[in-house]
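Open the model in your viewer and keep the selection panel at hand. The stops below say what to select next and what is there.

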Amino acid sequence: MVNKPFTVDLNKPLVFQVGHLGEAYDHWVHQPIVSKEGPRFFGNDFCELLTKTAWWVIPLIWLPVVCWLVTTSLQMGLTLPLAAQKLVVGIFLWTLMEYSLHRFLFHIKTTSYWGNTFHYLLHGCHHKHPMDGLRLVFPPVAAAILCVPFWTIVRLSSSPSVAPALFGGILLGYVMYDVTHYYLHHGKPLTGMTQSLKRYHLRHHFKARTVGFGITSPLWDMVFGTLPAKDAGGKIR
């Protein structure tokens, strides 16, 4: 007897369904449903609540932490010009982290039950429902957990006075990334630069997910050869 392929029921909580797709998951998750109404993830109301985050929560929570980190460096003897320099370096480091995480972790191919489930929670849900405004930015609890290993690396690789400002720059870069990402999906850019960036990102979603991994900038796509192709007129196709 041949088993029928598993079919996801969109009217039921999705998280514990997608793992059953197996090898079909990658194709399914990249067939977007363009609707502002997001799906239900969990049957449990509390778990469901934890998956939803309004965009403005990100700067509200993390910008005070950035200020505290920079102030800590200043109190430990770092001069204001050096603190500003480390802040900028941290932002630059974030752009590389943003690209690397998006390309190598968020777009990892999975086929196992728990691999598919984890990927869906991490990034697959965003590709399946790209206009779900409450699941576009990263939930603060999950972000705080991920901060721990990155802070540990920064602390061990730099001096005590430099580490807070440097990490503050990385965190500021993250905030810029998350609010920019939200704007590219739900905003209406008025300038050529932001319009171009929106086209660049939406092409990643709807035309070629294997290129265009930069969100706030195409810099690292240029460096690593993952720029989207251009047409005869020089515009991104």
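## The annotated domain

Select residues 88–226. UniProt, in an unreviewed entry, lists this range as "domain: Fatty acid hydroxylase". Keep in mind that the model is predicted. Within residues 88–226, helix makes up 71% and strand 0%. The C-alpha atoms at the two ends of that span are 25 Å apart.

## The whole chain

Now select everything. Which secondary structure elements does the protein chain hold? The count is ten helices and zero strands. Followed along the sequence, the pattern reads α-α-α-α-α-α-α-α-α-α.

Next, the dimensions. Along its principal axes, the C-alpha trace spans about 70 × 50 × 30 Å. The radius of gyration of the protein chain is 20 Å. A compact globule of 237 residues would have a value near 18 Å, so the two agree.

## The transmembrane annotations

Colour four ranges: 53–71, 83–101, 136–154 and 166–184. The unreviewed UniProt entry lists each of them under "transmembrane region".

Start with residues 53–71. This span is 79% helix and 0% strand, with its end C-alpha atoms 28 Å apart. Go on to residues 136–154. Here the figures are 79% helix and 0% strand, and the end C-alpha atoms lie 27 Å apart.

## A stop at P139

Zoom in on P139. This proline sits in the loop between α6 (113–128) and α7. Which residues does P139 touch, leaving aside neighbours within four places in sequence? The contacts are L50 and T53. Now pick A54 and display the C-alpha distance to P139. The separation is 8.9 Å, although the two positions lie 85 residues apart in chain numbering.

## α4 against α5

Two packed helices are described by the angle between their axes and the distance between those axes. The next three stops use both.

Select helix α4 (residues 57–75) together with α5. Their axes come within 10 Å and cross at roughly 140 degrees. An angle of that size makes α4 oblique to α5. The crossing is right-handed.

Show side chains for the contact. α4 brings V66, V70 and L74, while α5 brings L80, A83 and L87. By class, that is six nonpolar residues, no polar and no charged.

## α5 against α8

Hide α4. Keep α5 (residues 80–105) and add α8 (residues 162–186). The axes of α5 and α8 come within 7 Å, at a crossing angle of roughly 50 degrees. Parallel, perpendicular or oblique? The angle makes α5 oblique to α8. The pair crosses with right-handed sense.

Select the contact in two groups:

- On α5: A83, K86, L87, V89, G90, I91, L93, W94, M97 and E98.
- On α8: V162, A165, L166, G168, G169, I170, L172, G173, Y174, M176 and Y177.

Colour them by class. The α5–α8 contact holds 15 nonpolar, four polar and two charged residues.

## α7 against α8

Hide α5 and bring in helix α7 (residues 140–157). α7 and α8 pack with their axes 10 Å apart, at an angle of about 140 degrees. The two helices are therefore oblique to each other. What is the handedness where α7 passes α8? This crossing is right-handed.

Pick out the residues in contact:

- On α7: A143, C147, F150, W151, V154 and R155.
- On α8: A163, P164, L166, F167, I170, L171 and Y174.

How do the residues of the α7–α8 contact divide by class? Twelve are nonpolar, none is polar and one is charged.

## Last selection

Finish by showing L166, I170 and Y174 alone. These α8 residues are among those in contact with α5. They are also among the α8 residues in contact with α7. For a similar view on α5, show A83 and L87. Both are part of the contact with α4, and both are part of the contact with α8.

Terms used. Residues numbered from 1 in each chain as written. Predicted model: local features only at pLDDT ≥ 70, side-chain atom pairs only at ≥ 80, totals over all residues. Heavy atoms only, no water. UniProt positions renumbered as here; feature names shortened; annotations may be inferred. Helix = DSSP H or I, 4+ residues; strand = E, 2+ residues; numbered from the N terminus. Axes fitted to C-alpha atoms, helices over the stretch in contact; angles between N-to-C directions. Parallel < 35°, antiparallel > 145°, perpendicular 65-115°, else oblique. Left-handed = near helix turned anticlockwise from the far one by under 90°. Contact = heavy atoms within 4.5 Å. Nonpolar A, V, L, I, M, F, W, Y, C, P; charged D, E, K, R; others polar. Rg over C-alpha atoms; globule rule 2.2 N^0.38 Å.
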